[in-house]
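Student: I would like a close look at a single part of this protein. Please take one residue and follow its surroundings outward in a connected account.

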Amino acid sequence: MKKILFILALLSLTTSKAQTARGVKIGYIDMEYILEKVPGYAESINQLEQKAQKWKQEIEIKRNEINKLKDALKTERVLLTKELIEEREEEIAHLEKELLDYQEKKFGPKGDLIIQKSVLIKPIQDQIFTIVQDVAEQRKYDFIFDKSSDLTMLFAAQKYDISDFVVKKLTASQKREEMSKKQLKALEAKEKLDESLDENPAVAERQKILDERKVAREKLIEERKLANEQKKIEALEKRKKIQEERNGKKTGTVIENNSTEGTDKNKVNDNPDTNNDSEKVSTEEKKSTPAEARQKVIDERNRKLEERKKLIEEKKKKIAENKEAAKKEKEQKTETENKN
């Protein structure tokens, strides 16, 4: 409470001094949110939690052993001498002390869990604090608070939250080590653009319009690709239909219903030139398309599979019949021996 009153007093004092120049600029971060976004941090915390879980299991095993000793002593107390009872009580007390020491070593204020967690978090926290200071200087913040700290924030407007900006800076700083000079220049230009967008609403609005146009252009290109694909599919279907009609005519499954077509057919038979054309058509019909060739291969493969399945079924059936015949023969032989 004293901390909050001190901060409020400091804010009011700074505000009164800055009224002639400018208003106080305040921002805040959420340290827990930022740490969750740091690459590799979540995995490290998960490994630490697995260690803690293992320690808890060890503690539970030791506690169960102590409870068993207590139960055994309680059951056998009437049968033991005073010296043996005291000896067992001392052993149980010693084991309980060891258990408490182990708990303190692993989960105490200065235990392994706290130490390892601080070792894991501290370098990242130092990096975040450095980035926050840089952001405060660049954007002229007077105060930046940590929402996840002991400070109680009853209300905080989203527009003052700079956590995502800090995460972006942190991720970029980690990637800089793996980047070339050209990539670094591109990243710096992008960061400057992002900062100008955040500071200047007009620039942000213009960038938003450009992004919308880009999205619309990409959508139009995608629609054209889809239309072209549809045309190709329709052409393939049409070609397939024509081929099926030709195959039907060859096998006699297509009936000519139009009398004029029959007349034209007779005329074609009478005309030698048209006969030559029909012979050309028949030779063209013999040529199968790649799709039909693939289909023939698939059909042949399916036919072979079916034949193989039939053979396997026949073998199984034959084996079953042989077993049944052998069983019957054995039974008959047994019956004959019994009769004799």
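Tutor: A residue is called buried when its relative accessible area is under 20%. The model here is a predicted one, and in it Ser-163 has a relative accessibility of 1%, so Ser-163 counts as buried. Ser-163 belongs to helix 6, which covers residues 163-176. Its side chain forms a polar contact of 2.6 Å with the side chain of Asp-161. Leaving aside residues up to four places away in sequence, Ser-163 touches Tyr-28, Ile-29, Asp-30, Tyr-33 and Ile-34.

One of these neighbours, Ile-29, leads further into the structure. With the same exclusion of residues up to four places away in sequence, the contacts of Ile-29 include Ser-163, Asp-161, Ile-162 and Val-166, and also Ile-144, Phe-145 and Asp-146. Strand 1 (residues 26-29) runs parallel to strand 2, and four bridges join them; Asp-146 in strand 2 is the bridge partner of Ile-29. The side chains of strand 2 (residues 143-146) alternate: Phe-143 and Phe-145 are buried and point to one face, whereas Ile-144 and Asp-146 point to the other and are not buried.

Ile-29 also has a place in the largest nonpolar core, which has 20 residues; Ile-29, Ile-128 and Val-166 are the members that touch the most others. Two or more residues of this core come from each of helix 2 (31-37), helix 3 (41-76), helix 5 (112-139) and helix 6. The most, seven residues, come from helix 5. Apart from this core lies another, of 12 residues, including Ala-52, Trp-55, Leu-73 and Leu-113.

Notes. Residues are numbered from 1 along each chain as its sequence is written. This is a predicted model: local features need pLDDT of at least 70, side-chain atom pairs count only at pLDDT 80 or more; totals for chains, interfaces and linings use all residues. Side-chain values use heavy atoms; hydrogens and water are left out. Buried means under 20% relative accessible area, exposed over 50%, partly exposed in between (1.4 Å probe, protein chains only). A polar contact is a pair of N or O atoms within 3.5 Å; within protein, one must be able to donate a hydrogen and the other to accept it, and residues adjacent in sequence count only if both atoms are side-chain atoms. Contact means heavy atoms within 4.5 Å. Two strands pair if DSSP finds at least two bridges between them. A nonpolar core is a set of buried Ala, Val, Leu, Ile, Met, Phe, Trp, Tyr and Cys residues joined through side-chain atoms within 4.5 Å.
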